[in-house]
Amino acid sequence: MSCVSPESKPDWKAYALRELDYRDQDAARQAETHLTNCPDCREELATLRLTLDTLSTLREEEIPQRIAFVSDKVFEPRWWERAFSKTLGSPTFAAGVLVAAAILVHGALRPGQAQVDAAVTKAVSQVEARHALEIQALADMVEMRDKQVANMYITNAALIR
Ligand SMILES: [Zn+2]
C-alpha cells in the first residue's frame, strides 16, 4: 500500500498534533478529505496517534534546572568528611584512634580507676623492664664486639711481627 496522492500528502505529524487546525482550516479540511480516500495515510495517522497516546501515558520527569559541575559546592565534601579523610583516612591516626577507643572501652567496662592505674603501671613496668634487658643486651653485644676487635688487632700485630 502507498499514499494515493503523495504530491498532496498532508503533514500528518502536524495534523495529529492539531497544528493544522489552528493554522489553516483549509489544510485541515484537505487532510480529512485525503484521509477518507487514502488507507495508507489512515494507517500512518493511526500509528502517529498511538505513539502520541503512548507518550502521554509516560510519567513526566522533572527537567534538571542545569547541569551540575564537579567543582560545585554540592559536591564538596562536608567538613566531617574532610576531617575523616585527613585523620581517620591516615593509617597511623586510625591506629591511634583504635588504641584510644580500646583504652576508653577498657576503662568504661572496668569499674575502678585504681584497677586501670595498676594495669597501666604494670604494663609500663613490664615495658621498662624489657627495654632495660634490651639495652643491657645491646651493651653486652657492643662490649663483645670491642673485645673481638681488640683481639683482632692483637692477632694481627702478632702476625705482622
Ligand atoms: Zn495518502
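Visitor: Is serine 2 buried or exposed?

Guide: Keep in mind that this is a predicted model. Serine 2 sits in the segment before helix H1 (12-16). A residue needs 12 or fewer C-beta neighbours within 10 Å to count as exposed. Serine 2 has 8 C-beta neighbours inside 10 Å, so the verdict is exposed.

Visitor: And how far apart in space are serine 2 and cysteine 38, C-alpha to C-alpha?

Guide: Along the sequence, 36 residues separate serine 2 and cysteine 38. In space, their C-alpha to C-alpha distance is 8.4 Å.

Visitor: Which residues make up the largest nonpolar core?

Guide: Cysteine 38 turns up again here, as one of six residues in that core. Alanine 31 is another member, and it touches Pro10, Tyr15 and Leu20, leaving aside residues up to four places away in sequence. The full set is Trp12, Tyr15, Leu20, Ala31, Cys38 and Cys41.

Visitor: What about helix H4: how far apart are its end C-alpha atoms, and what span should its residues give?

Guide: H4 covers residues 39-57, which makes 19 residues. At 1.5 Å a residue, those should span 27 Å. The end C-alpha atoms agree with that, because they are also 27 Å apart.

Visitor: How many residues of H4 are buried?

Guide: H4 lies largely in the open. Over the chain, 5% of the 161 residues count as buried. For the 19 residues of H4, the number buried is one.

Visitor: Stepping back, what pattern does the chain follow along the sequence?

Guide: The chain has seven helices and zero strands. Read in order, that gives α-α-α-α-α-α-α.

Conventions. Residues numbered from 1 in each chain as written. Predicted model: local features only at pLDDT ≥ 70, side-chain atom pairs only at ≥ 80, totals over all residues. Helix = DSSP H or I, 4+ residues; strand = E, 2+ residues; numbered from the N terminus. Buried ≥ 20, exposed ≤ 12 C-beta atoms within 10 Å, placed from the backbone. Expected span 1.5 Å × (residues − 1). Core = buried A, V, L, I, M, F, W, Y, C linked by C-beta atoms within 7 Å. Contact = placed C-beta atoms within 7 Å.
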